[in-house]
Amino acid sequence: MKFTLLKIENFLAITEAEFRLHDRGLVLIQGVNKADTSADSNGAGKSSLPDALCWVLYGITARDASGDEVINDRAGKGTKVSVDVEDDEDIYRVIRHRKHPKGKNALHLLHLQKDGTINDLTQGTDKLTQAKVNTIIGASHDVFKSSIYAAQEQMPDLPKMTDKMLKMLIEEASGVTVLEESYKLARDKLTTERGTRDAIAQQIEKLTEKKDWHERNKTSLQDQIDGWEENRSESVTSGTAELKQHVEDVKALDEEIAAAGHAVLAAAVKECDDKILAVSEEQKQLMQLNQKVAQATSTVNLTRMEAKQTQDAHARQKGKIAAIDHRVGCPCDECGREITEAEIEASRVSAMGVLKTLVDNFTTQKNALEDARKALTLITDKRDAFEATMTDISAVSALRAAKQRELDAVNEVIVKRRNLAQKAKDLAEAIKTLKAQENPHRLGITKIDRELLTISAEICKASEQLRLAEGTVDIAETVVKVFSPSGVRAHILDEVTPYLNQQTAKYLSIMSDSNIEATWTTLVKNAKGELRENFAIEVANEKGGKSFRLLSGGEKRKVRISAALALQDLVATRARKPIELFIGDEIDDALDAAGLERLTQILEEKATERGSVFIISHNSLRDWVSQIITIQKEVGGETTLIEETV
């Protein structure tokens with residue numbers, strides 16, 4: 001990655017400047033302040049150049065200036081800084097404003113296309129746009145200050161940093177921070193997969209509870225089925241026994257009727273009647289009266305039989321109504337749904353109508369029977385009165401009366417036999433219907449069995465999903481471990497450390513004739529001499545202080561410079577978004593002439609390797625640096641950039 005062109009308007013000490021950054025080699029930046037003769041080069045704007053680059057990229061300088069602090073005092077407004085950035089084949093332009101008449105205080109990000117068109121990547125807020133800029137640069141403000149721009153009085157004191165600060169800085173400098181996003185994504189993925197697994201487990205738990213509930217219902221329903229079958233069996237058994245007794249009773253009545261000789265008795269009565277009729281006209285009248293008595297008697301018997309049949313029919317109808325009422329709550333034969341009272345209402349109303357008709361008929365028949373008995377009594381009394389006045393044929397009449405009584409008795413047996421046969425027939429039909437009736441609870445069992453099959457299939461499917469989900473969670477947990485601080489990131493730090501040691505030793509060997517050693521390490525000894533994980537820089541001078549704290553100011557400066565240069569090498573050589581630029585602002589401070597010469601030697605080598613190294617200094621380094629940029633602040637406050645090669 002290269003920063004190519006920097007343009008500045010009314011930023012800090014600089015009123016206007018345009019500055020090429022890439023492929024410059026080693027460049028010395030000095031200043032001349034004509035506006036303040038007491039300041040020499042101070043206040044000319046030397047540090048404003050790199051500060052402008054830092055501000056346009058991050059909205060704050062390396063010296064922590066931001067907001068209106070960066071506005072040129074003379075202009076009082078109209079601050080604008082832009083920088084072009086080449087990232088492989090992409091070219092971006094970052095533009096930041098402060099109190100600018102057009103740009104206001106906005107941050108703009110443009111993508112310059114090869115065909116000359118411009119794609120505006122500016123987001124809805126400066127915060128969102130800044131995030132896009134950070135992604136493009138691939139380095140935070142801290143990494144920029146620590147490895148790209150060693151600012152005046154702000155050079156990072158790497159040897160004194162804590163484990164956390166140093167580790168975070170090295171991770172960002174080496175590009176490992178991209179793994180932090182991967183770590184976050186991996187944790188989010190793990191959370192999602194755990195949620196999926198737990199949801200499936202909860203689903204299985206609910207399905208299992210549902211299955212248990214259905215199995216309990218099935219057990220209860222099976223008990224109802226068994227109870228219903230037991231009741232039916234008992235009803236069939238008792239009904240069959242009763243039917244058998246009816247059949248035997250009918251047979252006994254048949255034998256009784258046969259033994260009584262119904263036809264013989266009827267013939268004897270007729271014979272007596274014939275004899276009586278033969279006596280005289282009187283006998284005719286008596287015969288007519290006897291016939292009327294016989295008819296009245298027959299009417300009484302017939303009416304009594306009809307009333308009995310109606311009474312039996314009434315009992316059967318009540319049974320049918322009870323059967324209709326029993327259907328309430330039982331499953332429907334077709335759909336299995338429980339039958340409600342509303343659904344049987346029509347049948348019940350119809351059956352009750354039939355019952356009422358039977359009651360009405362029985363009342364009518366009962367009244368008719370009473371009337372028939374009264375009529376029989378009247379006609380019998382009339383016959384007896386007439387007979388008392390007749391010629392005595394008492395012997396024949398007595399015989400006829402005796403035979404008629406026997407015949408009436410037989411007729412009563414015949415009626416009884418007819419009623420009993422009808423009752424047996426009705427009972428046989430009821431038993432047949434009961435045997436053919438489907439158990440009303442069995443349909444519920446079938447429905448539950450279907451539900452259990454479905455639930456079992458769902459549990460089986462969910463169990464397989466759970467197995468796969470648990471496997472996915474295991475993989476996600478492994479991925480989290482890989483991207484965690486103790487995973488691949490720690491491994492990369494272990495890989496980076498030898499490189500930092502190599503580069504730091506390289507620079508320190510030049511700066512201090514190999515007398516000072518600075519070692520980047522991931523393990524340090526505690527007070528007990530035990531090794532523990534801790535990222536640090538251990539410093540020692542074999543001819544002086546045994547720790548960084550005990551070094552002289554110049555020695556500390558050499559260590560800081562060497563560590564910063566090594567860190568810049570790491571940033572410049574990382575696989576993702578390497579930055580080929582180093583700016584040192586007064587990093588030569590506190591160095592003697594020999595130190596200056598060695599420093600410029602290092603910076604010249606770095607410029608050859610990296611493309612551009614800018615050193616800002618009050619010292620005259622013309623003996624070692626051939627490219628010189630002088631920032632000259634005129635009396636009126638305007639700034640001029642003068643570039644020369646010596």
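The following exercises, with worked solutions, concern a predicted model of the protein shown above.

**Exercise 1. Domains**

Task: State into which domains the protein is divided and how far apart their C-alpha centres lie.

Solution. Domain 1 is assembled from several segments, 1-24 + 43-138 + 581-592 + 604-623. Domain 2 covers 228-467. The C-alpha centres of domain 1 and domain 2 are 117 Å apart.

**Exercise 2. An aromatic pair**

Task: Classify the ring pair formed by phenylalanine 19 and phenylalanine 614, and determine which strands the pair ties together.

Solution. Begin with the count: the model holds three aromatic pairs. For phenylalanine 19 and phenylalanine 614, the ring centres are 5.3 Å apart, and the planes meet at 50°. Stacked pairs require planes under 30 degrees apart and edge-to-face pairs over 60; the pair at 50° is therefore tilted.

Next, place the two residues. Phenylalanine 19 belongs to strand β2 (residues 14-20), whereas phenylalanine 614 belongs to strand β12 (residues 612-616). The pair therefore ties together parts that are 595 residues apart in sequence.

Finally, consider accessibility, for which buried means under 20%. Phenylalanine 19, at 2% relative accessibility, is buried. Phenylalanine 614, at 1%, is likewise buried.

**Exercise 3. Charges over rings**

Task: Identify the ring over which the charged end of arginine 187 sits, and the ring whose face lies under lysine 556.

Solution. For arginine 187, the ring is that of tyrosine 183, with the charged end 4.2 Å from the ring centre. For lysine 556, the ring is that of phenylalanine 548, at 5.6 Å from the ring centre.

**Exercise 4. Nonpolar cores**

Task: Describe the largest nonpolar core, and find which helix gives the most to it.

Solution. The largest core has 69 residues. Those with the most contacts inside it are Phe3, Leu53, Leu57, Val83, Ile137 and Ile170. Helix α1 (residues 48-58) gives the most to this core, contributing eight residues.

Leucine 53 may then be examined individually. With neighbours within four places in sequence set aside, leucine 53 contacts Phe3, Leu6, Leu21, Val83, Phe144, Leu581 and Ile583. A second, separate core has 21 residues, including Ala150, Ile587, Leu596 and Leu603.

**Exercise 5. Salt bridges**

Task: Compare the placement of the salt bridges lysine 99 to aspartate 68 and glutamate 229 to arginine 232, and state whether each residue is buried or partly exposed.

Solution. The whole structure contains 26 salt bridges. Consider lysine 99 and aspartate 68 to begin with: their side chains meet at 3.6 Å, N to O. Lysine 99 is in the loop between β5 (90-98) and β6 (107-112), and aspartate 68 is in the loop between α1 and β4 (79-87). The pair links distant parts of the chain, 31 residues apart. Lysine 99 has a relative accessible area of 42% and is partly exposed; aspartate 68, at 39%, is also partly exposed. A network of salt bridges links Asp68, Arg98 and Lys99.

Turn now to glutamate 229 and arginine 232, whose closest N and O atoms are 2.9 Å apart. Both residues lie in helix α5 (residues 177-260), three residues apart, which is about one turn of the helix. Because the cut-off for buried is under 20%, arginine 232 at 15% is buried, while glutamate 229 at 23% is partly exposed.

As a further case, aspartate 198 forms a salt bridge with arginine 197, the closest N and O atoms being separated by 3.3 Å. Aspartate 198 is partly exposed at 35%, and arginine 197 is partly exposed at 23%.

Notes:
Residues are numbered from 1 along each chain as its sequence is written. This is a predicted model: local features need pLDDT of at least 70, side-chain atom pairs count only at pLDDT 80 or more; totals for chains, interfaces and linings use all residues. Side-chain values use heavy atoms; hydrogens and water are left out. Rings of Phe, Tyr and Trp (its six-membered ring) pair if their centres lie within 6.5 Å; planes under 30 degrees apart count as stacked, over 60 as edge-to-face and the rest as tilted. Helices (H or I, at least four residues) and strands (E, at least two) are DSSP runs, numbered from the N terminus. Buried means under 20% relative accessible area, exposed over 50%, partly exposed in between (1.4 Å probe, protein chains only). A charge sits over a ring if NZ of Lys or CZ of Arg is within 6 Å of the ring centre and within 35 degrees of the ring normal. Domain bounds come from an automatic or database domain assignment. A nonpolar core is a set of buried Ala, Val, Leu, Ile, Met, Phe, Trp, Tyr and Cys residues joined through side-chain atoms within 4.5 Å. Contact means heavy atoms within 4.5 Å. A salt bridge is a side-chain nitrogen of Lys or Arg within 4 Å of a carboxyl oxygen of Asp or Glu.
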